Amino acid sequence: MILITSLAIGLMFGIGIFQLLRRNVLRSAIGLVIISNAVNLFLLSSGAYWGESPAYVDAAGQRADALPQALVLTAIVIAMAGFAFVMAMIYILAVRYQTTDLDDLSRLRY
Amino acid sequence: MESILAVLPVLIPLAGAAVAMLLRRRRRAQESWALGVMVLALGSSCALLWVVWHEETALVYAMGGWQPPFGIVMVGDALSAIMVVMSQLVLCAALLYAMGCKDQCTYYPMFYPVFLALGTGLSGALLTGDVFNLFVFVELMVISGAVLTAISDDKLGTEAAFKYFYISMLAAVFLLLACGCLYASYGTLNMADLSVRIMADPSAPLLPVAVVSLLVVFMIKSAVVPFHFWQPDFHTAAPTPVHAVLSSVVVKLGVYGFLRMNYLLFPMYMEQVQGALIVLGVVGVFFGGLGAAGTYDVKRMLAYSTMAQIGFIVVAIGWGTPLALMAAIVYAFNHSLIKAAMLMLAGTVASRAPVKTAAFSMVTGLGRSFPMTGALFLLGGMALAGIPPTNGFVSKMAVFQGGVEAEQLGSLGLIAVGGIITLVYVSRAFSRIWWEAPREGIRPKAYGDRVTAPALLIGLCLLLGLWAEPLLKLAGMTTQSLQDPQAYINAVMVGTHDDTPEPDHTASVGVPGDHREPVTE
């Protein structure tokens with residue numbers, strides 16, 4: 001279980017960073033979502049010592065810690081609000097600049 | 001019940017933001033309410049600073065009555081208190097400026113509530129004693145700042161907000177990563193508890209990951225050099241009242257973070273962090289200074305200047321002697337006031353320009369019709385460059401003394417040269433706006449933003465320049481309390497460790513159900 005989780009985290013991080021560095025803003029934003037989820041998974045796994053039983057199931061060494069689950073819940077809610085805002089801004093920028101290429105989205109140069 | 005003072009500076013703007021939302025149809029009432037709330041919050045944070053100063057202990061408020069290592073605590077120690085007073089002072093001035101501001105965006109019904117939310121996030125991030133709670137408050141601050149910039153009159157505001165928000169989301173990811181690493185290694189997120197456990201066993205393999213992640217997060221927040229690229233763009237496009245807050249106090253969050261990391265959380269990594277901070281700070285002083293000297297826009301110039309000034313603070317933190325730390329705190333406090341005032345004056349000039357912009361091509365020679373603003377700008381510029389009767393001189397002097405005492409003459413010489421660039425760009429801006437003849441066909445508007453707020457701030461700068469002793473004493477006390485993390489730990493972890501000397505009456509815990517915790521779920 002630990003192996004699967006850690007492989008999944010690594011894979012998601014890799015895919016996320018690859019997507020984040022693309023030139024298309026939408027792909028890049030999706031990369032950010034994937035990285036954020038990889039970190040959420042990491043945070044979750046920091047509490048689930050074995051990851052097989054839910055919280056408060058009292059078999060010594062087998063129970064998962066409940067706190068990281070609460071943390072992840074908070075982080076997911078915040079990330080959701082954040083990504084909704086990012087998507088709204090991407091929409092406005094795409095309509096206004098008529099492009100989603102990051103190189104053309106920089107008019108803030110003096 | 002003094003301990004409630006540790007949470008009031010966060011609670012008051014939060015409740016005020018909710019009420020301000022209800023007042024959205026009455027603009028006058030809403031803006032007066034927002035200012036009143038912020039002044040009340042400033043009063044509570046001043047009371048916090050007063051109590052902390054006189055009792056020389058940290059005030060601890062446990063949210064919902066949950067005892068420290070388990071629940072979330074708000075800790076008002078000397079560093080947090082002085083930073084919160086600084087932030088709320090500038091926030092009050094910015095609200096005052098927004099009330100007399102001609103920007104369209106201040107007429108949006110959500111402007112003041114979001115502004116108060118920005119204040120809540122900033123105060124909360126400075127006062128919290130819990131790493132995850134820090135993440136929550138930082139996110140609140142970031143999203144409020146980005147929203148306020150996205151609605152800016154400048155039509156590039158959305159692009160600027162997008163850049164900032166994007167890099168901040170990435171910073172949030174790293175902050176979460178640090179939380180995860182610390183929790184996996186030490187099983188707690190309370191800063192005092194973490195400090196005890198990290199000291200007991202600094203060999204956890206995930207600890208360096210957490211240190212580097214947190215360092216990167218705070219560098220992004222403070223726009224320290226390799227992570228500075230979003231800052232001039234973002235700050236230039238923000239509406240003036242928001243720009244004044246972002247460029248002066250929001251960037252100080254990183255400074256606070258460096259101090260907390262070095263002296264509470266990770267003292268064993270202090271040397272490495274300090275080395276990095278000296279190098280990056282010196283690069284920042286030059287990069288920011290030269291960038292400011294090369295721009296064609298007053299607001300952008302001041303945004304670059306923030307990068308340089310943060311460089312001075314960061315170098316002083318890097319030296320790490322008591323005198324240098326005191327200098328860093330004094331510098332951070334004074335720079336907030338100076339930079340906020342300068343930005344507001346730049347915004348006033350921009351509001352008088354025929355087309356609302358602060359570009360030199362548009363504002364050259366405009367100043368002849370408002371000489372008083374010019375006098376204020378000159379005083380502010382002197383403060384920024386560190387010329388006597390102003391507080392800028394006191395802070396620069398303190399930094400140089402700290403450098404001499406720390407025997408870091410190499411970096412001291414470099415930042416002294418970098419400091420001269422400040423004089424170059426400030427005097428260039430002043431002479432372009434107030435000395436040169438206006439170009440043909442450019443006439444200033446008859447009315448612009450009110451200068452009450454910057455005048456008050458400049459007055460405060462002069463006062464702190466002539467009567468600097470209280471601030472220096474306060475900073476000295478803050479330095480002492482920083483170098484004694486055990487006092488912080490004892491105040492927070494009262495009754496939970498056997499080695500705690502005696503229960504401290506100021507660290508009493510709130511009645512359960514008295515106050516709800518504000519943000520986390």
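Ala, Val, Leu, Ile, Met, Phe, Trp, Tyr, Cys and Pro are counted here as nonpolar, Asp, Glu, Lys and Arg as charged, and the others, Gly among them, as polar. On that basis, the lining of the second largest cavity has eight nonpolar residues, one polar residue and one charged residue. The model is predicted. Its chain contact, its cavities and its salt bridges are taken up below.

The second largest cavity holds about 70 Å³ of space. Its lining consists of Val131(B), Leu134(B), Met191(B), Leu214(B), Phe218(B), Tyr256(B), Gly257(B), Arg260(B), Met261(B) and Leu265(B). Three helices of chain B each give two or more residues to this lining: H5, H8 (207-222) and H11 (252-265). H11(B) provides the largest share, five residues. Gly257(B) belongs to the lining, and Gly is classed as polar. Arg260(B) also lines the cavity, and Arg is classed as charged.

The cavity count comes to five, each of 30 Å³ or more. The largest contains about 120 Å³ of space. It is lined by 14 residues, and those closest to its centre are Ser36(A), Ala79(A), Met169(B), Ala172(B) and Val173(B). Both chains therefore contribute to this lining, since H2 and H3 of chain A and helices H5 (131-150) and H6 (157-186) of chain B each give two or more residues to it. By class, the lining has eleven nonpolar residues, two polar residues and one charged residue.

The contact between the chains takes 38 residues from chain A and 37 residues from chain B. The interface size is expressed as buried area. Between chain A and chain B this area is about 3,300 Å². Carbon and sulfur atoms give 78% of it. Zero salt bridges are counted between chain A and chain B. Polar contact between the two chains amounts to five residue pairs, with both residues at pLDDT 80 or more. On the side of chain A that touches chain B, helix H2 (25-45) and helix H3 (67-97) are the elements that give two or more residues. The largest share comes from H3(A), with 20 residues. By class, this side of chain A has 28 nonpolar, seven polar and three charged residues. H2 and H3 of chain A also give two or more residues to the lining of the largest cavity.

Over all chains, the count comes to eleven salt bridges. One of them joins the side chains of Glu31(B) and Arg28(B), at 2.5 Å from N to O. Glu31(B) and Arg28(B) both lie in helix H2 (residues 27-55) of chain B. They are three residues apart, about one turn of the helix. The N to O distance of 2.5 Å falls within the 4 Å cut-off for a salt bridge.

Notes:
Residues numbered from 1 in each chain as written. Chains lettered and ligands numbered in written order. Heavy atoms only, no water. Contact = heavy atoms within 4.5 Å. Buried area = accessible area lost by both parts, 1.4 Å probe. Polar contact = N/O pair within 3.5 Å; in protein donor to acceptor, adjacent residues only side chain to side chain. Helix = DSSP H or I, 4+ residues; strand = E, 2+ residues; numbered from the N terminus. 1 Å grid on protein atoms, 1.4 Å probe; cavity = no way out; pocket = protein on both sides within 12 Å on 5 of 7 lines; lining within 4 Å. Points joined across faces, edges and corners; volume = space filled by probe spheres on them.
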